[in-house]
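Colleague: I have a few quick things to ask about the two chains. Can you pull it up?
Modeller: Here you go.

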2 protein chains.
Amino acid sequence: MGCFYGIGVGPGKSGLLTLEGYQILQQVQVVIVPVKKVGSHSLAFEIVKPFISTDKTVVEQLYPMSYDQWRLNQAWQANQQEISSYLDEGLDVAFLTLGDPFVYSTYSYIYQFLTKKGYPGTTISGITSFQAASALAGRPLVQGEERLAILSGTDNLDELEQILELFDTVVILKVNRIFAKVYQLLAVKDWLKSSYLVSSVGMLEEQVYSDLSVLAVDEKFPYLTTLIIHKGSDRR
Amino acid sequence: MGCFYGIGVGPGKSGLLTLEGYQILQQVQVVIVPVKKVGSHSLAFEIVKPFISTDKTVVEQLYPMSYDQWRLNQAWQANQQEISSYLDEGLDVAFLTLGDPFVYSTYSYIYQFLTKKGYPGTTISGITSFQAASALAGRPLVQGEERLAILSGTDNLDELEQILELFDTVVILKVNRIFAKVYQLLAVKDWLKSSYLVSSVGMLEEQVYSDLSVLAVDEKFPYLTTLIIHKGSDRR
């Protein structure tokens with residue numbers, strides 16, 4: 001039986017892959033590349049492409065974004081079946097994931113499904129977007145006894161004010177959908193100047209917006225945009 | 001003028017260093033190894049030692065754990081002065097840090113001090129202990145719209161109950177000091193079985209305590225022990 005590996009490739013450039021992730025990409029026979037649409041670009045694959053030799057079987061798997069539960073189930077079952085078949089043949093399979101495989105990833109569900117079925121699974125951590133974003137901006141995430149909250153932009157965040165009371169640093173991943181709501185709260189609290197945004201971190205087009213007070217409330221950003229809220233101004 | 005680099009070496013094994021971290025260790029002339037006591041063991045140095053060629057200048061710097069503010073200031077000023085001197089000579093300097101350089105590290109203060117003085121600084125993210133701990137335990141940190149809180153064991157956590165209401169996953173780093181307090185709260189809430197501890201992750205002696213209900217309230221763990229609290233049982 002083969003082993004199922006999850007490899008966190010980091011947020012956007014090959015230098016943030018770990019040595020272990022690199023090594024496992026050399027060992028495995030099959031590389032799974034998850035995509036949202038057939039034939040669509042995979043950033044995770046692009047990051048590690050230089051490290052994948054031509055003798056590997058590279059398999060694109062479709063994980064559609066859909067509210068149609070039946071369609072979703074069909075796609076996921078077919079994907080899990082395909083991975084199981086490779087593992088049953090004794091082939092080792094690496095599943096690529098942007099950032100870290102256990103922080104908001106499709107991989108984590110597949111991992112749970114396959115390991116519950118008895119397949120061996122190993123997860124190789126990866127650098128998340130918020131780590132790389134803070135490094136790029138030159139602003140430490142947490143120091144001393146501070147508290148860090150990590151939230152997703154798919155969350156409606158009705159308790160954001162409460163969370164901001166309790167935490168020193170609050171990260172919101174893929175913030176686009178709720179940016180206006182968050183912006184308004186930060187404006188009231190006077191935390192726009194101490195917070196910042198980083199879009200497409202690690203990529204050629206990466207950008208730091210180091211002072212939110214110069215942005216419009218309805219500003220739009222690329223999909224991979226991370227908001228990092230600091231309440232104090234000591235991080236600038 | 002040389003460049004000041006912070007390199008996150010990950011939690012405990014060389015495989016979790018990034019390719020970029022590896023590359024910068026080849027480039028720099030000086031490697032700073034922070035220690036708490038003169039001559040004491042540095043795990044961060046041990047992790048990357050195989051990658052550091054003998055022509056590098058390796059400098060151990062003492063960052064004492066002390067409540068004596070005068071003694072602390074003296075030590076820190078001497079260390080900053082020493083790094084500045086190397087940078088002034090045009091030498092590139094790498095400062096090693098366990099985990100990630102911008103998540104609870106000594107490095108982040110030195111970085112702020114030196115970059116405010118005008119020295120160029122670049123931070124290379126590293127895998128944190130909680131990422132590696134969840135990978136080792138095979139339990140995803142956050143999925144879907146879940147919320148993740150990262151706390152330090154130096155925090156008294158008087159608001160822990162409130163935080164647990166708002167968050168799905170709560171990580172407490174270096175939990176030893178407040179373990180008994182946290183344990184009692186988790187017992188009341190019946191979350192002992194769904195939470196787990198990982199000590200010395202990445203090291204030979206790494207250990208997963210996958211069910212807290214079998215532990216005693218006054219149990220003691222190694223210094224580098226991470227508690228990961230899940231409220232549901234779906235992660236087991």
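Modeller: Start at A:A149. Its bridge partner in β6(B) is B:A149. Keep in mind that this is a predicted model.

Colleague: OK. How many bridges join β6(A) to strand β6 of chain B, and do they run parallel or antiparallel?
Modeller: Three bridges join them, and the strands run antiparallel. In chain B, β6 covers residues 148–152.

Colleague: Now the whole interface. How many residues of each chain are in contact?
Modeller: On chain A, 55 residues are in contact with 54 residues of chain B.

Colleague: Which three residues supply the most buried area on chain A's side?
Modeller: A:L19, A:F102 and A:R147. Together they supply 15% of the area that chain A buries against chain B.

Colleague: And what is the area buried between the two chains?
Modeller: About 4,500 Å². Carbon and sulfur atoms give 55% of that.

Colleague: Switching to charges. How many salt bridges are there between chain A and chain B?
Modeller: The count is six. One of them links A:R147 to B:D155. Their closest N and O atoms are 2.6 Å apart. A:R147 was also one of the three residues named for buried area.

Colleague: What about polar contacts across the interface?
Modeller: The rule finds 35 residue pairs, with both residues at pLDDT 80 or more.

Colleague: Which elements of chain A give two or more residues to that side?
Modeller: The helices are α1 (19–27), α4 (106–116), α5 (129–137) and α6 (160–166). The strands are β5 (121–124) and β6 (148–152).

Colleague: Last one. What is the mix by class on chain A's side?
Modeller: It has 25 nonpolar, 17 polar and 13 charged residues.

Terms used: Residues are numbered from 1 along each chain as its sequence is written. Chains are lettered from A and ligands numbered from 1 in the order in which they are written. This is a predicted model: local features need pLDDT of at least 70, side-chain atom pairs count only at pLDDT 80 or more; totals for chains, interfaces and linings use all residues. Side-chain values use heavy atoms; hydrogens and water are left out. Contact means heavy atoms within 4.5 Å. Buried area is the accessible area (1.4 Å probe) that two parts lose on being put together, summed over both. A salt bridge is a side-chain nitrogen of Lys or Arg within 4 Å of a carboxyl oxygen of Asp or Glu. A polar contact is a pair of N or O atoms within 3.5 Å; within protein, one must be able to donate a hydrogen and the other to accept it, and residues adjacent in sequence count only if both atoms are side-chain atoms. Helices (H or I, at least four residues) and strands (E, at least two) are DSSP runs, numbered from the N terminus. Ala, Val, Leu, Ile, Met, Phe, Trp, Tyr, Cys and Pro count as nonpolar, Asp, Glu, Lys and Arg as charged, and the others, Gly among them, as polar. Two strands pair if DSSP finds at least two bridges between them.
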